[in-house]
Each structure stands twice: as C-alpha cells, then as structure tokens.
Amino acid sequence: MAPPLFSHPGGPDQVAHEGIFALALVVLTPPWIPPLFSFLFQWSRKVWYKELFNRSQDGLATALAALAWQFFQQNPLYLGSWNLSAGVGIAAASLAFFLANTTLVTTAIHLANNVPWREVWRKNSAWIAASYLLLSPIALLLARAYETPLLAGWGGWTVLFFLIPLYYSRFYWDEKVRLEQAFDTTLELLMNALEAKDPMTRLHSERVADISRDLARKIKNGDEAYAQAIYRAARLHDIGKIAIPEAVLLKPGTLTPQEFALIQSHTTKGAELLSPARKVAFDQLVYNVILYHHERWDGRGYPKRLAGHEIPEEARIVGLADAYEAMTAGRPYREAKTPEEALREVQEFSGHQFDPRLVEAFTELWAQNPIWRDRHAYLAAKEGSVSRSTFSQPSSASASPLPSEPGSRTSEE
C-alpha cells in the first residue's frame with residue numbers, strides 16, 4: 001500500500017492516547033472548549049494541507065464526542081438506583097471519537113491512493129478499536145481525579161500521578177513499534193539480498209505472502225495477527241536459495257540428481273541461515289514455514305516427508321500459495337498456466353499435495369477475484385507495468401505441482 005497522503009501524526013496509536021486527554025476535557029469543560037483545544041494544540045511539521053486535515057479531523061471528532069457526552073448528561077440513564085450516565089456517556093463519547101477519526105483518515109487514504117476502503121480500514125484502524133474502548137475509562141478517571149485534589153488543593157497533582165503508568169504504556173508501545181519496524185527492515189534486507197541473486201524471486205515471494213495472508217485470515221475467521229505473522233513468514237519462505245549456486249538456481253535446462261537435491265536443500269539452508277535470530281527476531285512459525293512449505297499432505301514432500309496434520313498449518317498455507325504462484329508464473333523451463341488452469345490443478349491435488357480444507361477456502365477466495373489471482377494484474381498493481389514477455393517464456397516442460405523427479409523443474413522447487 002502506498003504511503004497515505006493524509007494521516008494522523010504518530011499513527012493510530014497516538015490518536016488513542018491523545019483521545020484520553022480530549023475525552024477528559026469533554027468531561028471537565030463546556031462542549032465548545034475540547035474541539036477548539038484539539039484543533040489549536042497539535043505539534044507536527046507536516047505540509048499545510050496535511051496539518052489542516054489533521055487539525056480539522058481531531059476537532060470534528062472531539063466535537064462529536066462532546067455531543068455524545070452531553071446527551072447522556074442531559075438525559076440520565078438509570079439502572080435501578082444506579083446512575084449510569086457517566087459510564088455510558090464516556091463510552092459513547094469514545095466510540096464517536098474513534099469512528100469520526102478513523103472514518104475520516106480511512107476515507108482520505110482511500111481517495112488519495114485508490115485503495116479499497118475496507119482494506120484501508122482493516123489494515124489501519126480496525127485493530128485499535130478495542131484500545132479506544134478500554135482507554136476511555138481512563139479519561140473519566142483523569143477527569144474525576146482532577147475534580148478530587150489529593151495534594152495542595154489542586155487536582156492537577158492527582159492527574160500527574162495517574163499519568164505515570166500511562167506514560168510508560170506509551171513508551172513500551174513505541175518500543176514495540178520500533179521493534180516491528182526493525183523486523184520489517186530485516187525482511188527487506190534479506191529479500192534485497194535474494195533479489196540480487198534471482199530478480200524474479202522477490203515478486204514471487206511478495207505474491208505468495210499476499211495469497212498466504214488472505215488464506216490465513218479466511219481459515220482463522222479474520223484473525224489479523226495470525227494473518228500478518230503468516231505474511232511475514234511467507235516473505236522469507238525461499239530465503240535459503242541465497243545459499244544455492246546461481247548456475248543451479250537459474251539453470252534453464254534439466255537438473256541432475258545432485259542439482260535437484262541441492263535445490264531441495266533450500267528449506268534446511270534457509271532455517272540454518274536464520275538460526276542466529278531464533279527467539280529474537282523470528283519465532284517458530286517462521287522456521288516452520290521455511291522448513292516445511294514443500295511437505296505434502298500425502299507425505300511425499302521434503303525435507304522430512306511429513307503427512308497430513310504433521311505438517312504445521314502455516315507451512316500448509318504457504319505451500320499452497322507457493323504452488324499456485326509458481327504455476328501461474330512463467331520460467332525459462334516452463335510456460336505459465338492461466339489462473340483457471342492453476343486453480344483446477346490445486347483442486348485436483350486436494351488430499352494429495354494440499355490440505356483439502358485449505359483448498360476449499362482457497363477456491364472461495366479465488367472466486368472473489370482478489371488482485372493476486374491474475375499474476376499480470378498483480379504485477380501491474382505492484383510495479384506499475386511489467387512486460388508479459390518477462391514472466392511468460394515458452395517451454396515444453398510441465399508445470400504440474402506433483403513432486404519433481406531429478407531432471408524436471410516444477411512448483412515443488
């Protein structure tokens with residue numbers, strides 16, 4: 001996804017933290033003060049139109065939050081003898097603040113980058129919804145703390161006391177973000193190293209990763225954290241090819257038994273290559289994908305001939321995505337299959353090469369016409385335009401996903 005032309009300074013997590021103070025003002029002051037404060041008091045160095053957008057966005061979101069709070073203060077809500085107005089009011093204000101902020105940002109990114117609205121929302125906003133609702137009671141607590149001085153007759157000291165854990169929560173969140181950025185940078189460095197050796201591999205890995213993420217999300221009922229973990233692991237699934245001699249890796253003809261064994265060793269070589277980063281930058285899921293994405297449901301894969309559910313689920317997901325991508329990508333030693341032909345082969349090998357449950361989910365995804373379904377459309381979206389002749393070269397070799405015998409070249413490599 002292209003960088004957004006409009007975004008909140010600091011990202012969605014900063015919006016959530018700043019929302020605490022905006023909501024506290026909503027509770028403490030007349031309804032016109034919080035939106036004015038949100039509009040005027042921001043610290044950023046963006047170009048004028050981004051600055052204006054961010055200030056207006058915050059001002060409008062805070063105004064809607066103030067209206068939601070005022071509604072429940074003017075129309076008290078009781079449960080028996082309990083007055084629920086404050087609790088329900090702050091929850092409603094938090095929800096209004098969240099929806100206004102994220103809807104405006106999502107719409108701006110959608111219009112500026114021509115990315116589907118739902119995709120922008122899912123990737124940039126949906127995951128922080130819980131943060132707003134969980135942090136909203138803190139805003140009410142801060143407001144009540146200010147109204148109840150514990151030291152020197154000024155509630156500000158009480159607020160400062162409560163801000164200490166909030167500060168540390170933000171500090172550790174920033175550290176988490178920096179670690180994730182370092183992780184992503186590491187992925188880029190590794191992929192750049194592999195791309196320098198085999199220019200076609202990078203686009204292959206990116207498409208496999210996109211297919212894998214969608215498939216993981218579908219079978220896990222929208223679990224975004226799991227889908228993202230699969231995506232990152234899939235980006236590295238072929239990293240072991242760095243250790244394969246170029247004369248073998250890029251050989252256009254048939255392979256000798258020794259060369260074929262060397263190609264197959266990229267799974268174990270990849271795991272060995274990343275072993276120093278185990279439990280520091282990469283978890284076991286990454287190693288499972290690298291090691292076992294060429295295992296088969298019927299036990300005829302490599303390197304350990306695992307079968308069925310012995311194969312880690314993440315490896316089965318990436319293995320299916322890898323096979324589909326390979327079948328629809330031309331190579332010097334075989335012609336590319338059409339998306340329809342590749343889908344039929346995936347379905348034919350359900351229960352043999354692929355997990356039948358994954359094949360069913362993949363078929364449903366394929367029918368929705370995702371951008372990765374057609375490789376040329378995918379490349380055009382990623383790179384602007386790519387010559388079809390670069391990726392579709394004539395050959396008489398088969399593109400079957402069945403295991404290769406020495407001398408043949410297939411998606412099992």
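Here is a walk through this structure, from the whole chain down to a few of its helices.

What you see is a predicted model, where local features need pLDDT of at least 70, side-chain atom pairs count only at pLDDT 80 or more, and totals for chains, interfaces and linings use all residues. Residues are numbered from 1 along each chain as its sequence is written, and side-chain values use heavy atoms, with hydrogens and water left out.

Let's begin with the chain as a whole. Its secondary structure comes to 18 helices and 2 strands; these are DSSP runs (H or I with at least four residues for helices, E with at least two for strands), numbered from the N terminus. The chain has 413 residues, and 48% of them are buried, meaning under 20% relative accessible area with a 1.4 Å probe, protein chains only. The accessible surface is about 20,200 Å², with 61% of that belonging to carbon and sulfur atoms; the areas come from the Shrake-Rupley method with a 1.4 Å probe. Of the chain's contacts (heavy atoms within 4.5 Å) with a separation of 6 or more, 66% link residues 24 or more positions apart.

Now look at helix 13, residues 284–292. This helix is mostly covered, with 8 of its 9 residues buried. Among them are Leu-285, Tyr-287, Asn-288 and Ile-290. The cover over the buried residues of helix 13 includes helix 9 (224–235), helix 12 (266–274) and helix 14 (313–327).

Next, go back along the chain to helix 2 (residues 33–40) and helix 3 (residues 48–74). Their axes, which are lines fitted to C-alpha atoms over the stretch in contact, come within 8 Å and cross at roughly 165 degrees. Helix 2 and helix 3 are therefore roughly antiparallel, a label for angles over 145 degrees. Their crossing is right-handed, so the near helix is turned clockwise from the far one by less than a right angle, while anticlockwise would make it left-handed. On the helix 2 side, the residues that meet helix 3 include Pro-34, Pro-35 and Phe-39; on the helix 3 side they include Leu-52, Arg-55 and Asp-58. By class, this contact has 6 nonpolar, 4 polar and 2 charged residues.

Last comes helix 15 (residues 339–348) with helix 16 (residues 356–367), packed at an angle of about 160 degrees with axes 10 Å apart. That makes helix 15 roughly antiparallel to helix 16. Here the crossing is left-handed. Pro-339, Leu-343 and Val-346 are among the helix 15 residues in the contact, and Val-359, Phe-362 and Trp-366 are among those of helix 16.

Note on methods:
Axes are lines fitted to C-alpha atoms, for helices over the stretch in contact, and angles run from 0 to 180 degrees between N-to-C directions. Angles under 35 degrees count as roughly parallel, over 145 as roughly antiparallel, 65 to 115 as roughly perpendicular and the rest as oblique. Buried means under 20% relative accessible area, exposed over 50%, partly exposed in between (1.4 Å probe, protein chains only). Ala, Val, Leu, Ile, Met, Phe, Trp, Tyr, Cys and Pro count as nonpolar, Asp, Glu, Lys and Arg as charged, and the others, Gly among them, as polar.
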